[in-house]
Amino acid sequence: MRDSIRFIRKGRMVELRDIAPTALLLDYLREVEGSTGTKEGCGEGDCGACTVALGRIRDGKLTYEPVNACIQLLGQVDGCEVVAVEDLADRDGELHPVQAAMHDAHASQCGFCTPGFVMSLFTLYHSGRRAVSRPEVNDWIAGNLCRCTGYRPIVDAAVKVCRSPPTDRFATASADTESLIGFLSDNEDIFIGDSDRFFAAPASIEAAADLYEQHPDATIVAGATDVGLWITKQFRDLPKIIHIGRVRGLDHIGDTGYELLIGAAATYAQVEPFFRELDPDLGELLRRLGSKQVRACGTMGGNVANGSPIGDSPPALIALDATVELRKGRRVRSMPVEEFYIDYGKQNREPGEMVIGLLVPKMNASHIFRCYKVSKRFDQDISSVMGAFRFTVDDDGKISEARLAYGGMAAIPKRAKQAEEALTGTLLRDSRAWSRAFAALREDFSPIGDHRASVRYRNETAHALLGKALIEAAGTASNRTRVVGHRVVA
Amino acid sequence: MDLGDIVKGSPPPAVVHKPKPHDSAAKHMTGEAVYVDDIRTPAGTLHAAPGYAPIAAGRVTKLDLDAVRKAPGVVDVLTADDIPGANDASPKGIGDEPVITPERIMFYGQVLFVVLAETRDQARRAARLARAATAPGMPMIDVDDAVVADSTVLPDYTFERGTPEDEIASAPRQLGGEFRIGGQEHFYLEGQVALAVPGEDGDMYVYSSTQHPSEVQHVVAHVLGLDSNAVTVEVRRMGGGFGGKESQATQWAVIAALGVRKTGRPCKIRLDRDDDMMMTGKRHDFRVDYKVGFSREGGIRGVDVTFAARCGYSEDLSLGVVDRTMFHADSGYFYPTVRILARRMRTNTVSNTAFRGFGGPQGKLFAERMIDHIAYSVGRDPLDVRKANLYGGAGRDRTPYNMRVEDNILPEIVNELERTSDYRDRRRALAEFNASSPVLKKGIALTPVKFGISFTLMHLNQAGALVHVYRDGSISLNHGGTEMGQGLFVKVAQVVAEEFGQELDRVKITATATDKVPNTGPTAASAGTDLNAQAAMAACRAIKERLFDFIEQEWGVGRDSVQFREGKVIIGNRAMDFGELAELAYRNRVSLSSTGFYKTPKITWDREKATGQPFFYFAYGAACSEVTIDTMTGEMRVNRVDILHDVGKSLNPAIDIGQIEGGFVQGMGWLTTEELVWDSAGRLMTHAPSTYKIPTASDVPEDFRVALYESGGNRADTIYRSKAVGEPPLMLATSVFSAILDAIISLKPAVMPRLDAPATPEAIMRAIRATGAGDP
């Protein structure tokens with residue numbers, strides 16, 4: 001048992017014993033350290049002004065990932081190197097290559113978002129990518145908002161600085177940093193506080209499950225990309241935090257050949273390549289989910305567990321017939337993801353029971369998969385409507401099974417059972433069956449209207465997305481049916 | 001070198017016209033640039049957080065603050081009763097914007113009380129604990145509600161020439177329409193913030209993120225019952241303003257000062273983003289109703305348009321903003337007869353305010369939409385109809401407010417962009433694409449920009465500066481303009497460095513402060529450089545005059561044989577360091593400090609008679625945008641944008657390109673993804689970046705070609721013949737909106753789609769459905 005957190009700042013270990021369970025990394029940097037280069041723009045992880053880099057070992061290698069410090073719990077950085085904007089330039093004032101490239105490209109105007117961009121590009125610079133394209137840069141900085149420049153010079157700077165491999169002192173010191181991080185990594189359960197108020201970061205699944213069973217009123221935190229907002233915006237009192245990011249093996253993603261096993265602490269970033277391999281649309285879905293910062297922390301397990309009706313992964317998981325694994329103490333059970341959702345804010349989960357993983361069946365040659373996300377803005381937005389569709393087509397061209405799952409259409413992510421029925425057993429190109437399915441959608445759903453979309457638009461879009469999937473399944477190339485996310489890159 | 005040769009002729013400028021980096025660029029990169037929230041606070045600083053009205057209209061009958069006062073860390077609570085002077089933060093001092101409302105509630109989110117606590121977190125949490133009993137009234141939320149109730153903040157106002165109704169009636173063709181233009185949240189990355197520190201004798205030193213330090217000074221003094229000389233306001237830089245800190249920063253600075261007054265301790269307030277979006281004004285949204293008469297070729301004969309603007313609960317800057325809508329309802333087009341009527345509707349929503357373009361973009365969007373409407377109805381390419389209606393030609397140079405357009409270069413700019421953007425070839429290629437593409441449709445549009453430069457409130461067209469030369473030849477620069485990222489400071493410093501022949505780094509740029517340069521106007525109307533660089537130049541020249549006299553006296557060399565260049569002063573055939581001259585001048589008791597003052601010449605405006613020359617000159621530009629829309633979902637991508645923009649002779653091309661690109665993208669956001677939604681109770685539903693979507697990097701077209709228009713310079717006598725650039729480029733984005741219309745109309749030619757702004761996917765689908773085009 002360890003009653004402190006430890007992390008690396010400016011090449012030295014920092015150890016903190018008395019941290020509040022919901023203390024935030026940004027407040028530590030700005031208010032405790034006085035490192036005011038890192039800014040707060042929104043306090044909800046949407047603008048990226050507070051971006052800092054976390055260095056940790058991924059796949060045996062020192063990796064820098066961008067995170068939003070405003071919604072990152074301080075306790076989450078245990079075992080990491082924390083790099084903020086002040087740390088980049090040399091002590092004699094010479095700008096870091098990323099900073100110099102941004103400076104020379106006239107990539108700042110008001111300058112308030114700039115530290116966040118610098119840190120995002122710092123992680124890109126260290127990502128090992130060379131000859132990056134503008135769309136790649138756009139993805140990398142989708143979580144950084146700039147209201148002044150129009151982004152062009154920032155992207156120019158990124159493209160330029162990534163032409164050559166990193167030569168900064170972080171690259172030079174990487175071996176030292178790796179060994180320091182190695183030194184910090186232990187198998188101790190972290191518990192700071194007392195039984196009424198604590199921050200815990202267990203090292204094993206047994207310890208995590210036991211602790212949660214003892215404290216079913218505790219809050220499980222994986223990436224905190226949602227829980228962070230409970231703190232900064234909703235002022236919820238969260239006296240007991242169980243962070244599962246240190247649980248050994250819980251971020252593992254296994255491939256059995258016919259299914260993926262995704263640990264509850266695996267981040268979206270870790271899942272992304274596996275999903276892209278399942279289907280290009282799943283890769284695109286993850287590309288557009290949150291931002292680089294959100295995907296570096298947020299987990300698919302968390303996305304399923306918090307039960308939002310507009311989460312992006314649940315419709316896809318439901319269409320894929322995925323299963324969620326739950327654990328309470330020593331008892332493990334599983335169920336189809338769709339059965340996990342009961343009603344708005346209500347899941348099939350007992351007190352003290354936690355999501356520990358997802359099982360996602362892979363597809364075979366008889367499957368056709370499509371998913372689409374419609375939002376006001378393409379990047380880092382929440383769906384107005386999301387549709388995920390898996391058709392199983394037999395050798396005769398008949399649809400033997402249709403799994404049509406939607407987000408944004410009901411209080412929970414939900415299948416369109418009547419539309420599925422209308423398609424099942426029909427030929428893939430049978431337009432009359434399509435029409436019946438479109439009509440059935442109106443029976444399947446009665447969505448609400450809100451600031452994202454009206455009832456009418458939601459209904460029309462649910463229809464349009466199924467239509468698009470069928471048109472594409474019937475053979476039309478996606479570059480003739482979509483403005484983004486083409487399945488075949490020319 | 002033969003100095004005699006160098007002195008002959010005037011050297012080319014060495015510092016101005018150069019793409020110098022923003023003066024703070026390196027500090028932006030390292031995080032060293034200090035914003036108000038980064039200032040090391042004095043020990044004992046309190047943090048303020050507002051508590052707000054939970055209804056949009058009505059009264060507070062009882063405000064129970066017991067739980068607030070008892071909350072951890074709470075030191076005090078401010079209510080309206082704690083205000084010693086006038087309870088008014090309005091820019092004109094007309095008493096319609098209470099700092100803390102005493103009883104009457106005029107919008108959801110209006111400040112009811114303010115918590116003062118040891119930490120910001122404690123203050124914010126405590127603010128939630130109040131219990132307010134209210135007597136709700138019936139709120140008016142949108143323009144239509146206010147029109148029905150005939151509720152306005154100011155009287156209606158009209159520009160009129162000729163008898164447009166007759167001309168429209170007798171024209172070969174007529175049409176009319178109605179559409180909506182959405183508002184816009186500024187989304188400056190740095191939210192509203194102020195820090196007030198007590199001084200001696202009840203004096204107040206206020207650090208505020210404001211575009212208008214003098215107004216903050218005056219209002220703080222007024223609310224606290226102090227003389228203006230007891231209040232000093234300082235602003236080194238803002239993390240973005242865009243008009244959102246012209247009048248909207250004041251209330252928060254006043255609250256910080258009230259906190260100091262009540263407790264004697266320094267006090268800081270930094271609004272949470274959601275509170276900021278809910279409590280501060282935005283771009284005005286409009287309903288527009290129009291009728292137009294025109295020839296069979298689309299030549300306009302008469303225009304009759306009514307603008308109804310949502311002003312919100314108070315007047316704020318709505319007089320000037322909506323006037324500017326009217327001033328720009330012509331875009332770049334000549335209306336032979338015209339009536340422009342503007343109504344300023346009062347609603348129970350936050351008071352709308354300045355936003356880059358100051359109402360102009362909405363007026364211009366109307367004009368472009370009307371032109372599109374005309375073009376589609378006569379079956380011509382909208383570009384041809386645009387060109388046919390541009391100002392120019394005999395008797396076609398009078399605006400609807402009777403000003404002659406004397407510097408028109410739009411025909412040249414539009415023709416050049418038409419050529420460089422390959423408009424005609426792409427138009428043909430696009431028609432072919434659309435003919436063979438059932439789901440995706442493309443559209444293209446080329447639209448002009450003409451924007452009037454000067455404050456239409458005449459007295460604001462003045463500026464002051466203060467320049468010191470120290471004995472080592474280093475220079476200190478101060479002026480009334482504020483830096484919000486637009487590059488004002490570096491441009492003015494370039495002018496000063498040029499005057500003294502010094503490198504830019506010899507000029508120290510200092511924070512705007514009301515005790516250095518008093519009685520300043522807001523940094524707004526794109527006029528920051530035009531005004532402040534002239535004032536700074538005047539200050540430099542006053543110092544140089546004294547130096548010339550000194551040189552003549554000391555060395556007998558006349559001013560014609562003196563040059564300040566390359567860090568030196570060349571006096572006849574002698575050269576010395578500027579610092580050496582400064583030292584000598586000092587020893588000979590020559591003053592090396594001067595103020596400078598400038599007022600814009602030529603301009604006049606009689607609002608009563610709606611006539612005069614309100615603008616010193618116009619800034620011009622044009623943009624060509626191409627888009628693809630998905631006719632099943634309404635999703636839209638901008639494929640390519642070409643811009644040709646007129647900045648006169650640029651003072652700093654790097655800064656100007658930045659303004660053009662940034663302005664365009666901000667305008668594109670306004671017209672596409674940025675949607676403000678209020679519910680029927682008057683609550684803003686889109687109060688955070690999670691729900692209010694400004695453009696991200698991927699929304700910017702990968703093919704984005706921006707060029708400065710090559711010209712001999714501004715025909716008006718501006719600083720180095722440059723032109724203002726802050727606001728005009730925002731309006732280049734109307735090309736995106738017109739291109740979307742163009743894509744939609746390909747589904748059913750000649751049926752004008754009713755597309756409202758912003759053109760979200762849903763709005764595009766609504767417009768598609770309205771054309772009667774088939775289902776997918």
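Colleague: Which residue does the side chain of Arg197(A) meet in a salt bridge?

Modeller: First, the general idea. Side chains of opposite charge can pair when their charged atoms come close. Keep in mind that this is a predicted model. Here Arg197(A) meets Asp237(A), at 3.7 Å from N to O. The pair links distant parts of the chain, 40 residues apart. Arg197(A) sits in strand 7 of chain A. Asp237(A) sits in the loop between helix 9 and strand 9 of chain A.

Colleague: Is Asp237(A) buried or exposed?

Modeller: Asp237(A) is exposed, with a relative accessible area of 52%. The cut-off for exposed is over 50%. Its partner Arg197(A) has 40% and counts as partly exposed.

Colleague: Where do Arg295(A) and Glu272(A) lie, the next pair on my list?

Modeller: Arg295(A) is in helix 12 of chain A and Glu272(A) in helix 10 of chain A. They are 23 residues apart. Their side chains form a salt bridge at 3.6 Å, N to O. Arg295(A) is buried at 4% relative accessibility. Glu272(A) is buried too, at 14%.

Colleague: Why does the pair of Glu674(B) and Arg147(A) join two chains?

Modeller: Look at where each residue lies. Glu674(B) belongs to the loop between helix 18 and strand 29 of chain B, and Arg147(A) to the loop between helix 4 and helix 5 of chain A, so the bridge runs from one chain to the other. The N to O distance is 2.6 Å. Glu674(B) is buried, at 0% relative accessibility. Arg147(A) is buried as well, at 4%.

Colleague: How many salt bridges does the rule find across the interface of chain B and chain A?

Modeller: It finds 12. Over all chains, the structure holds 114. Another named pair is Asp272(B) with Lys233(A), with closest N and O atoms 2.9 Å apart. Some residues link up in a network of salt bridges. Its members are Arg30(A), Lys39(A), Glu40(A), Asp37(B), Asp38(B), Lys268(B) and Arg270(B).

Colleague: What area is buried between chain B and chain A?

Modeller: The general idea comes first. The size of an interface is often given as the accessible area lost when the parts come together. Between chain B and chain A that area is about 6600 Å². Carbon and sulfur atoms give 56% of it. In chain B, Met29(B), Leu189(B) and Glu762(B) lose the most area to chain A. Together they account for 12% of what that side buries.

Colleague: How many residues does the contact take from chain B and from chain A?

Modeller: It takes 84 residues from chain B and 77 from chain A. Between the chains, 35 residue pairs are in polar contact, both residues at pLDDT 80 or more. Several elements of chain B each supply at least two residues to its side, including helix 2, helix 4, strand 27 and helix 20. Helix 18 of chain B gives the largest share, eight residues. By type, the chain B side divides into 35 nonpolar, 24 polar and 25 charged residues.

Colleague: Which domains is chain B divided into?

Modeller: Domain 1 covers 3-17 + 462-599, and domain 2 covers 408-455 + 610-776. Their centres, taken over C-alpha atoms, are 40 Å apart. Each domain gives 23 residues to the contact between them. The area buried there is about 1800 Å², with carbon and sulfur atoms giving 61%. In domain 1 of chain B, His17(B), Lys491(B) and Ser526(B) lose the most area to domain 2, together 37% of what that side buries.

Colleague: Which residue forms a salt bridge with Lys491(B)?

Modeller: Asp656(B) does, with the closest N and O atoms 2.7 Å apart. The rule finds one salt bridge across this domain interface. Seven residue pairs are in polar contact between the two domains, both residues at pLDDT 80 or more. Helix 15 and helix 16 of chain B each supply at least two residues of the domain 1 side.

Colleague: Which residues in helix 2 of chain A are buried?

Modeller: Begin with the helix itself. An α-helix has 3.6 residues a turn, so residues three or four places apart point the same way. In helix 2 of chain A, the buried residues are Val98(A), Gln99(A), Ala101(A), Met102(A) and His103(A). They pack against helix 3 and helix 5 of chain A, together with helix 2 of chain B. After helix 2 of chain A comes His106(A), with a positive phi near 55°.

Terms used:
Residues are numbered from 1 along each chain as its sequence is written. Chains are lettered from A and ligands numbered from 1 in the order in which they are written. This is a predicted model: local features need pLDDT of at least 70, side-chain atom pairs count only at pLDDT 80 or more; totals for chains, interfaces and linings use all residues. Side-chain values use heavy atoms; hydrogens and water are left out. Contact means heavy atoms within 4.5 Å. Buried area is the accessible area (1.4 Å probe) that two parts lose on being put together, summed over both. A salt bridge is a side-chain nitrogen of Lys or Arg within 4 Å of a carboxyl oxygen of Asp or Glu. A polar contact is a pair of N or O atoms within 3.5 Å; within protein, one must be able to donate a hydrogen and the other to accept it, and residues adjacent in sequence count only if both atoms are side-chain atoms. Helices (H or I, at least four residues) and strands (E, at least two) are DSSP runs, numbered from the N terminus. Ala, Val, Leu, Ile, Met, Phe, Trp, Tyr, Cys and Pro count as nonpolar, Asp, Glu, Lys and Arg as charged, and the others, Gly among them, as polar. Domain bounds come from an automatic or database domain assignment. Buried means under 20% relative accessible area, exposed over 50%, partly exposed in between (1.4 Å probe, protein chains only).
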